[in-house]
Amino acid sequence: DQLDNAAWSKTQSSISANAGVAPDGTSTADAIVEDSTASSSHLITQASTKSAVAQDWCGTIALKLSGARSQARLVVGDNTANFASAYYDLSGGVILSGPTLAGTATNARAFISALGNGWYQCTLIATIPASITTGNLLAVYIAVACSSVYSGNGASNILAWRGAYAASSVPIRLTQTTSAATAGT
C-alpha cells in the first residue's frame, strides 16, 4: 500500500507519500514523481521470485493523472528481455498501446477500468517463461507520447495507489497489505 516502502525500487523517480485522495476516499494515494534526468525512464518496480515453470502473473495498480503527465506504462516479466508491456491513458481511461510481448513471454492481456473520480485500475497479465525465477517484476512507468524514455522536469507526476503483483491468470483485486501479502484474488 505504501509505494515509498523499500519493497518498491525507484529509478529516476521518487515517491511523495499521501499526496492525494485515493479511490477509497482516504488521503493515502502516493505520487510517483519524475526526476530531472534527461532522456531517461522514470519508474517504480516491485520484484518477486517465482518457480521455474511458465506461469501467468498479474500486475495491477490504481493510477490517476496529476498535472502534466497523463500516461503510464506497465511491464510484467523481467523488464529486459522477456516481458509484456502496455501503455495507458489516464485522462481518457483507455489502453493506448499494447499489450506487446518481448522474448519468450506469451499470452499478454491488458485491462483498464474506471474506479471513479479520475482513478483507473490498470492491469497487465502475461505468461512469464520458466527461465525467469528471480527478477520477475511489475514496473510502473510515467510515460509521454507512448514512450517511457523522456526528459523529466523534476516535478511532474502521476498518482498511484495499491500496486499488486501476484501469480494469477485473471485480474486481481487492489487490496491493502501490511508486512505480509494479502491472500486472495
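What percentage of the 185 residues of the protein chain count as buried? In this predicted model, the share that counts as buried is 46%, and the views below begin with the whole chain before turning to its sheet and its cores.

**View 1. Overall dimensions and make-up of the protein chain.** The protein chain contains twelve strands and zero helices, so that its pattern, read along the sequence, is β-β-β-β-β-β-β-β-β-β-β-β. Along the principal axes, the C-alpha atoms fill a box of roughly 40 × 35 × 30 Å. The radius of gyration is 15 Å, which agrees with the value near 16 Å that a compact globule of 185 residues would have. Among contacts with a separation of 6 or more, 67% join residues that lie 24 or more positions apart. The accessible surface comes to about 7700 Å², and carbon and sulfur atoms account for 50% of that area.

**View 2. The open sheet of six strands.** Six strands, in the order 1-4-11-6-7-8, make up an open sheet whose pairing is antiparallel. Strand 1 (9-11) and strand 8 (94-102) are the edge strands, each of them pairing on one side only. On average, and with direction ignored, neighbouring strands of this sheet are turned by 15° against each other.

**View 3. The pairing of strand 6 with strand 11.** Within the sheet, strand 6 and strand 11 are paired in the antiparallel sense over seven bridges. Leu-74 has Val-140 of strand 11 as its bridge partner, and both residues are also listed among those with the most contacts inside the largest nonpolar core.

**View 4. The largest nonpolar core.** This core holds 29 residues, and those with the most contacts inside it are Ile-32, Leu-63, Leu-74, Val-76, Tyr-88, Leu-124 and Val-140. Two or more residues each come from strand 5 (55-66), strand 6 (71-77), strand 7 (83-89), strand 10 (119-128), strand 11 (136-143) and strand 12 (157-167). The most is given by strand 10, which supplies five residues. In soluble globular proteins, nonpolar side chains tend to be buried together.

**View 5. The surroundings of Val-76, and a second core.** When residues up to four places away in sequence are not counted, Val-76 touches Gly-59, Asn-82, Phe-83, Ala-84, Leu-124, Ala-126, Ile-128, Leu-137, Leu-138 and Tyr-165. A second core, separate from the largest one, has nine residues, including Ala-22, Val-33, Leu-159 and Leu-174.

Notes: Residues are numbered from 1 along each chain as its sequence is written. This is a predicted model: local features need pLDDT of at least 70, side-chain atom pairs count only at pLDDT 80 or more; totals for chains, interfaces and linings use all residues. Side-chain values use heavy atoms; hydrogens and water are left out. A nonpolar core is a set of buried Ala, Val, Leu, Ile, Met, Phe, Trp, Tyr and Cys residues joined through side-chain atoms within 4.5 Å. Buried means under 20% relative accessible area, exposed over 50%, partly exposed in between (1.4 Å probe, protein chains only). Helices (H or I, at least four residues) and strands (E, at least two) are DSSP runs, numbered from the N terminus. Contact means heavy atoms within 4.5 Å. Two strands pair if DSSP finds at least two bridges between them. Axes are lines fitted to C-alpha atoms, for helices over the stretch in contact, and angles run from 0 to 180 degrees between N-to-C directions. The radius of gyration is taken over C-alpha atoms; the globule rule is 2.2 Å times the number of residues to the power 0.38. Accessible areas come from the Shrake-Rupley method with a 1.4 Å probe; for residues, only the protein chains shown count as cover.
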